[in-house]
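Here are some exercises to work through with the structure open beside you. Try each task yourself, then check the solution step by step.

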Amino acid sequence: MELTSPTEFAKQKVLAVQDYTLMTAQSVANLFRKPLYFADMVQQADLIGVGSLPIVVLAGFFTGAVLAVQSANTLQRFGSITLIGQLVSLSMVRELGPVLTGLMVAGRNASGMASELGSMVVTEQIDAMRALGTDPMKKLVAPRVISTVFMLFFLTILSDFVGLAGGLFVSKVLLNLDARQYWSNAWQALVFQDVFMGLVKPLLFGFIIATVGCYYGMTARGGTQGVGRATTQAVVAASVLIVVLDLFVTQFLMNVLSYK
Amino acid sequence: MPAPTLPLDSISPTSQESAANAIEFEDVHLQFEEKQVLRGISFRLAFGETKALFGVAGSGKSTILKLSLGLLKPDSGRILVLGNDVTQTREEDLFVLRAKIGMVFQESALFDSLTVRENVAYRLIEEHGFQDADIEHRVREALRFVELEQAIDKFPSELSGGMRRRVAIARAIITQPEVLLYDSPTGGLDPVTSNTIVGLITKQRDVYKTSSLLVTHRLQDAFTMATHEFDKQTNQMRALPRGQYCDVPMSFLVLRDGKVIFDGDVRQLAHTKDEYIKEYIS
């Protein structure tokens, strides 16, 4: 294996960030340029949104349920077991719903985008598309970005809801709590800031997932092995970026929304 | 060697009035990382002419085609295509120019998630303004031209290599572009299919007067094109008498180590004194 000098390595990373930034800026600019490939957007929305539904529902439900199981033990010690609905709803809506849905969709779709576009790059289909007068950034990248942002928003809402349902299941069946009280607590605990934070995050995460997936796909080199590498890198980079961005966005929104 | 007809509505070439040559390379240099691929390439492709590009693998033949389309940018030098400097043109503006150019890629580069119909119709669908019936009519004509009408509903993965190449030709010619770029269109094909494809390229040259750059490793294909012309009446290629070889608009360009070492017609090529070229064509 050939060793790369630290300078060369740093240059490559800076260049990659530059390319990613340019591609991201271009994908945003393409939202306002014609042609808009509406049929492709709908197709991608179906693949990304409807296709991810089972894993998002399952992950959301069991996350809410396990959250209830874990917190019940602690809350019981302080005699506050009735607050379980509040705890599950705040955790799901503000944090776990957006992040877990983002990670699930990243695992499924960032890899899909990277492998699909990567295969098109190595078989010259992207060049053929450009040769035939079509801008691949508009035809392939823009619909994926729009659809992912749009669908992740609704998938997150769904995940939050089934997470609360998971918590309800545990509260009712395992802890014998009153269902009405659980819902009442869960609902009343949420304020505008919580919901706003929980709905801003999937928009950013969706953008990260699609642009990272497309970036690794469009820059894939080296045949099938290169496509495999791009796929892995896309999932890793998208997942790490989601987790890192989550911290900064949370802190930023807490300051902006004047959380107490 | 019969070839089917292509009664497409020809889009009349308009660039011939404004440009001196279909393609013009002026001192083009290109380097990929450490490797200098092109070192001062200069040549001209006249309107209506077909130029065959020869050279060993890695000599930059396919790169020249990609540069002509603006898919790659050179490090220095100028490339004029239909009078437009593609080295100075933005990618967005190049899409307009590319509508006048057709390219057949080395490995066909068909969209594997689309059927043959959708692949061939791709440009018409993307351009909009075409009725479905018109698109269907033109797709079938183009496929009839390459004798593949029966494969219209198949996917590229269901076709043989030769069939894929013919679909790629149909896709390239469906709008009757002013310039055609062929990247090894007969590479890896059997002699019968190769001859069919050579017939199609010759017909494009002689009947539709399309300017073409042809990258090939098969010398016999280029020599067949230089020594034959397409007879419209019999709809097949016809061998020319020895003295008329220079009447066909066909020339040759030989590359070596990123430089042009020969640019001329078949007679000049046959009488070259260059030992490397002699060995290459022998």
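Before we start: helices and strands here are DSSP runs, with at least four residues for a helix and at least two for a strand, and they are numbered from the N terminus. Keep in mind, too, that you're looking at a predicted model.

**Exercise 1. Find Gly60(B) and decide whether Gly60(B) is buried or exposed.**

Step 1: Go to the loop of chain B between β3 (50-54) and α2 (61-69); that's where Gly60(B) sits.

Step 2: Count neighbours. A residue is buried if 20 or more other C-beta atoms lie within 10 Å of its own. Gly60(B) has 26 C-beta neighbours inside 10 Å, so Gly60(B) is buried.

Step 3: See who the neighbours are. Leaving out residues up to four places away in sequence, Gly60(B) touches Val37(B), Leu38(B), Gly55(B), Leu255(B) and Gly258(B).

Step 4: Try a distance as well. Leu30(B) is 30 residues away along the chain from Gly60(B), and their C-alpha atoms are separated by 9.4 Å.

**Exercise 2. Do the same for Gly162(B): which element holds Gly162(B), and which residues is Gly162(B) in contact with, beyond four places in sequence?**

Step 1: Look in helix α6 (residues 161-173) of chain B, and you'll find Gly162(B).

Step 2: Gly162(B) counts as partly exposed because there are 19 C-beta neighbours inside 10 Å.

Step 3: Setting aside neighbours within four places in sequence, the contacts of Gly162(B) are Leu189(B), Asp190(B) and Thr193(B).

Step 4: Now take Gly187(B), which is 25 residues from Gly162(B) in sequence; C-alpha to C-alpha, the two are 9.1 Å apart.

**Exercise 3. Describe the overall make-up of chain A.**

Step 1: Count the elements: chain A has eight helices and zero strands.

Step 2: Get a feel for the dimensions. Along the principal axes, the C-alpha atoms of chain A fill a box of roughly 65 × 45 × 35 Å.

Step 3: Check burial: 42% of the 260 residues of chain A count as buried.

Step 4: Take the contacts in chain A between residues at least 6 apart in sequence; 88% of these join residues at least 24 apart.

**Exercise 4. How do helices α7 and α8 of chain A pack?**

Step 1: Start with the geometry. Helix α7 (residues 192-218) and helix α8 (residues 223-256) of chain A pack at an angle of about 155°, and their axes are 9 Å apart.

Step 2: Name the arrangement. Angles over 145 degrees count as roughly antiparallel, so α7(A) and α8(A) are roughly antiparallel to each other.

Step 3: Add the handedness: α7(A) passes α8(A) in a right-handed crossing.

Step 4: Look at the residues that meet. Among them are Leu204(A), Phe205(A) and Ile208(A) in α7(A), and Ala234(A), Ala237(A) and Leu241(A) in α8(A). By class, this contact of α7(A) with α8(A) has 17 nonpolar, three polar and two charged residues.

**Exercise 5. Now repeat that for α7 and α8 of chain B: at what angle do their axes cross?**

Step 1: The axes of helix α7 (residues 191-206) and helix α8 (residues 219-227) of chain B come within 10 Å and cross at roughly 40°.

Step 2: That angle makes α7(B) oblique to α8(B).

Step 3: The crossing of α7(B) and α8(B) is right-handed.

Step 4: Ser194(B), Val198(B), Ile201(B) and Thr202(B) in α7(B) meet Asp221(B), Thr224(B) and Met225(B) in α8(B). Sort the residues of this contact, and you get three nonpolar, three polar and one charged.

**Exercise 6. Where do the two chains touch, and which element of chain B gives the largest share of its side?**

Step 1: Count both sides: 13 residues of chain B are in contact with eleven residues of chain A.

Step 2: On the chain B side, α3 (91-98) and α4 (116-127) are the elements that give two or more residues. The largest share, three residues, comes from α4(B).

Step 3: Sort the chain B side by class: nine nonpolar, no polar and four charged residues.

**Exercise 7. Which peptide bond is cis in the loop between α1 and α2 of chain A?**

Step 1: Find Pro35(A) in the loop between α1 (6-29) and α2 (38-77) of chain A.

Step 2: Check omega: a cis peptide bond joins Lys34(A) and Pro35(A), with omega about -5°.

Notes:
Residues numbered from 1 in each chain as written. Chains lettered and ligands numbered in written order. Predicted model: local features only at pLDDT ≥ 70, side-chain atom pairs only at ≥ 80, totals over all residues. Buried ≥ 20, exposed ≤ 12 C-beta atoms within 10 Å, placed from the backbone. Contact = placed C-beta atoms within 7 Å. Axes fitted to C-alpha atoms, helices over the stretch in contact; angles between N-to-C directions. Parallel < 35°, antiparallel > 145°, perpendicular 65-115°, else oblique. Left-handed = near helix turned anticlockwise from the far one by under 90°. Nonpolar A, V, L, I, M, F, W, Y, C, P; charged D, E, K, R; others polar.
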